[in-house]
Amino acid sequence: MAPQSPAEFKMAELLVESLNLEDIEAKDIDPDELLFGDGLGLDSIDALEIALAISQEYGVQVKAEDESTREAFATLKSLTQYIEANKG
């Protein structure tokens, strides 16, 4: 597993908290592991919960129709990079 940056760890904590992931600790989420499907196993409802949590925590509005959103939600690393690049 690749080590998490401090920003990735904070994002992982947000995921665990907002999705009530009881069997997963933030430190155990690999930054390069897929969040959806065969990776962490999240689904579209989880994506909505994550988008809401990101909006509340970072003030970043995630738009479903934006093509870059799908890429951003691929991994913990890509999601963290997307938020860092778009927060005010």
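This passage describes the helices, the nonpolar core and selected residues of a predicted model.

Helix 1 covers residues 6-19, and its 14 residues reach 20 Å from the first C-alpha to the last, close to the 20 Å expected at 1.5 Å a residue. Along this helix, the buried positions are Glu8, Met11, Ala12, Leu14, Leu15, Val16 and Leu19, and the elements that cover them include helix 2 and helix 4. Helix 2, which runs over residues 44-58, has 15 residues that should span 21 Å at 1.5 Å a residue, and its end C-alpha atoms are indeed 21 Å apart, in agreement with that value. Asp46, Ile50, Ala51, Ala53, Ile54 and Tyr58 are the buried residues of helix 2, with helix 1 and helix 4 among the elements that cover them. In helix 4, the buried residues are Leu76, Ser78, Leu79, Thr80, Tyr82 and Ile83, and their cover includes helix 1, helix 2 and helix 3, the last of these comprising residues 67-72.

The packing of helix 1 against helix 4 was examined further. The axis of helix 1 comes within 9 Å of that of helix 4 (residues 76-86), and the two cross at roughly 105°. Because angles of 65 to 115 degrees count as roughly perpendicular, helix 1 and helix 4 are described as roughly perpendicular to each other. On the side of helix 1, the contact is formed by Ala7, Glu8, Met11, Ala12 and Leu15, which meet Leu76, Lys77, Leu79, Thr80, Ile83 and Glu84 of helix 4. Sorted by class, this contact has seven nonpolar, one polar and three charged residues.

The largest nonpolar core of the model has 25 residues, and those with the most contacts inside it are Met11, Ile50, Ile54, Tyr58, Leu79 and Ile83. Helix 1, helix 2 and helix 4 each supply at least two residues of this core, and the largest share, six residues, comes from helix 1. In soluble globular proteins, nonpolar side chains tend to be buried together. Tyr58, one of the core residues with the most contacts, is in contact with Lys10, Met11, Leu14, Ile83 and Lys87 when its neighbours within four places in sequence are left aside. One of these partners, Lys10, is found in helix 1 and, at 41% relative accessibility, counts as partly exposed. Residues up to four places away in sequence not being counted, Lys10 touches Glu57 as well as Tyr58. Lys10 and Ala26 are 16 residues apart in sequence, with a C-alpha to C-alpha separation of 8.1 Å.

Leu76 lies in helix 4 and is buried, with a relative accessible area of 0%. Not counting residues up to four places away in sequence, Leu76 touches Gln4, Glu8, Met11, Ala12, Leu15, Ile29, Asp30, Pro31, Glu33 and Leu35. For one of these partners, Pro31, the C-alpha atom is 4.7 Å from that of Leu76, although the two residues are 45 residues apart in sequence. Glu67 lies in helix 3 and, with a relative accessible area of 61%, is exposed. The C-alpha atoms of Glu67 and Asp30, residues 37 apart in sequence, are 24 Å apart in space.

Two residues in the loop between helix 1 and helix 2 were also considered, namely Asn20 and Ile24. Asn20 follows helix 1 and has a positive phi of about 50° although it is not a glycine. Most residues other than glycine have a negative phi. At 60% relative accessibility, Asn20 counts as exposed, since the cut-off for that class is over 50%. Ile24, in turn, is partly exposed, with a relative accessible area of 24%. Leaving aside neighbours within four places in sequence, Ile24 is in contact with Val16, Ile29 and Leu40; the C-alpha atoms of Ile24 and Leu40, which are 16 residues apart along the chain, are separated by 9.4 Å.

How values were computed: Residues are numbered from 1 along each chain as its sequence is written. This is a predicted model: local features need pLDDT of at least 70, side-chain atom pairs count only at pLDDT 80 or more; totals for chains, interfaces and linings use all residues. Side-chain values use heavy atoms; hydrogens and water are left out. Axes are lines fitted to C-alpha atoms, for helices over the stretch in contact, and angles run from 0 to 180 degrees between N-to-C directions. Helices (H or I, at least four residues) and strands (E, at least two) are DSSP runs, numbered from the N terminus. Angles under 35 degrees count as roughly parallel, over 145 as roughly antiparallel, 65 to 115 as roughly perpendicular and the rest as oblique. Contact means heavy atoms within 4.5 Å. Ala, Val, Leu, Ile, Met, Phe, Trp, Tyr, Cys and Pro count as nonpolar, Asp, Glu, Lys and Arg as charged, and the others, Gly among them, as polar. A nonpolar core is a set of buried Ala, Val, Leu, Ile, Met, Phe, Trp, Tyr and Cys residues joined through side-chain atoms within 4.5 Å. Buried means under 20% relative accessible area, exposed over 50%, partly exposed in between (1.4 Å probe, protein chains only). The expected span of a helix is 1.5 Å times one less than its number of residues.
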